[in-house]
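Ready to practise reading a protein model? Have a look at the sequence and structure below, then try each exercise before you turn to its solution.

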Amino acid sequence: MGVAAGPIRVVVAKPGLDGHDRGAKVIARALRDAGMEVIYTGLHQTPEQIVGTAIQEDADAIGLSILSGAHNTLFAAVIDLLKERDAEDIKVFGGGIIPEADIAPLKEKGVAEIFTPGATTASIVEWVRANVRQPAGA
């Protein structure tokens with residue numbers, strides 16, 4: 001674990017016009033049950049709202065859930081806003097209906113991990129524990 005004290009803080013968000021949030025709520029609950037502090041932003045969040053919440057809440061990570069097909073645009077906007085706000089230390093991960101062909105380009109833009117349908121809550125919790133708050137080069 002890195003130098004920050006206390007539980008890992010994760011903002012779970014539903015960007016854009018996507019109105020289906022069951023998966024995001026399941027992930028939020030799994031992270032919470034694993035001892036993390038979770039801030040669920042609700043539906044129809046803009047990238048600006050998500051980044052603002054993450055900074056205000058001193059989050060360690062942002063988990064984005066997208067089913068609408070706008071993942072390339074919305075994930076990139078969140079990454080760009082984190083850079084603009086000098087908050088690149090906040091890791092971004094996501095999940096939803098994301099084609100395999102889009103995963104590598106999203107990771108190149110700065111998304112730390114993508115979880116596709118069938119990923120277990122245990123694997124997501126394990127990834128967050130292993131990858132959030134890690135010192136550079138670890």
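Three exercises with worked solutions follow, all on this predicted model.

**Exercise 1: a helix with two sides**

Task: Find out which residues of helix α1 are buried and which are exposed.

Solution:
- Step 1. Start with the helix itself: α1 covers residues 22-33, 12 residues in total. From first C-alpha to last it reaches 16 Å, close to the 16 Å expected at 1.5 Å a residue.
- Step 2. Pick out the buried residues, counting a residue as buried under 20% relative accessible area. In α1 these are A24, I27, A28, A30 and L31.
- Step 3. See how they are arranged: they cover an arc of only 165° around the axis, so they sit on the same side of α1. It helps to remember that an α-helix has 3.6 residues a turn, so residues three or four places apart point the same way.
- Step 4. Turn to the other side of α1, where R22, R29 and D33 are exposed.
- Step 5. Ask what the buried residues of α1 pack against: the partners are β1 (9-13), β2 (37-40), β3 (61-66), β4 (91-96) and α5 (121-131).

**Exercise 2: two helices in contact**

Task: Describe how helices α3 and α4 pack, and decide whether they are roughly parallel or roughly perpendicular.

Solution:
- Step 1. Recall that two packed helices are described by the angle between their axes and the distance between the axes.
- Step 2. Take the values for α3 (residues 71-84) and α4 (residues 100-109): the angle is about 10° and the axes are 10 Å apart.
- Step 3. Apply the cut-off: angles under 35 degrees count as roughly parallel. Therefore α3 is roughly parallel to α4.
- Step 4. List the residues that make the contact. From α3 come H71, N72, F75, A76, I79 and K83, and from α4 come D102, L106 and K109.
- Step 5. Sort them by class: four are nonpolar, two polar and three charged.

**Exercise 3: positive phi angles**

Task: Locate D58 and D86, and say what their phi angles are.

Solution:
- Step 1. Begin with the general rule: most residues other than glycine have a negative phi.
- Step 2. Look at D58, in the loop between α2 (47-56) and β3. D58 is not a glycine, yet its phi is positive, about 55°. D58 is exposed, with a relative accessible area of 58%.
- Step 3. Move on to D86, in the loop between α3 and β4. Its phi is also positive, near 55°, and D86 is exposed with a relative accessible area of 67%.
- Step 4. Finish with G35, just after α1, which has a positive phi of about 95°.

Notes: Residues numbered from 1 in each chain as written. Predicted model: local features only at pLDDT ≥ 70, side-chain atom pairs only at ≥ 80, totals over all residues. Heavy atoms only, no water. Axes fitted to C-alpha atoms, helices over the stretch in contact; angles between N-to-C directions. Helix = DSSP H or I, 4+ residues; strand = E, 2+ residues; numbered from the N terminus. Parallel < 35°, antiparallel > 145°, perpendicular 65-115°, else oblique. Contact = heavy atoms within 4.5 Å. Nonpolar A, V, L, I, M, F, W, Y, C, P; charged D, E, K, R; others polar. Expected span 1.5 Å × (residues − 1). Buried < 20%, exposed > 50% of the residue type's maximum accessible area, 1.4 Å probe, protein only. Arc of directions from axis to C-beta.
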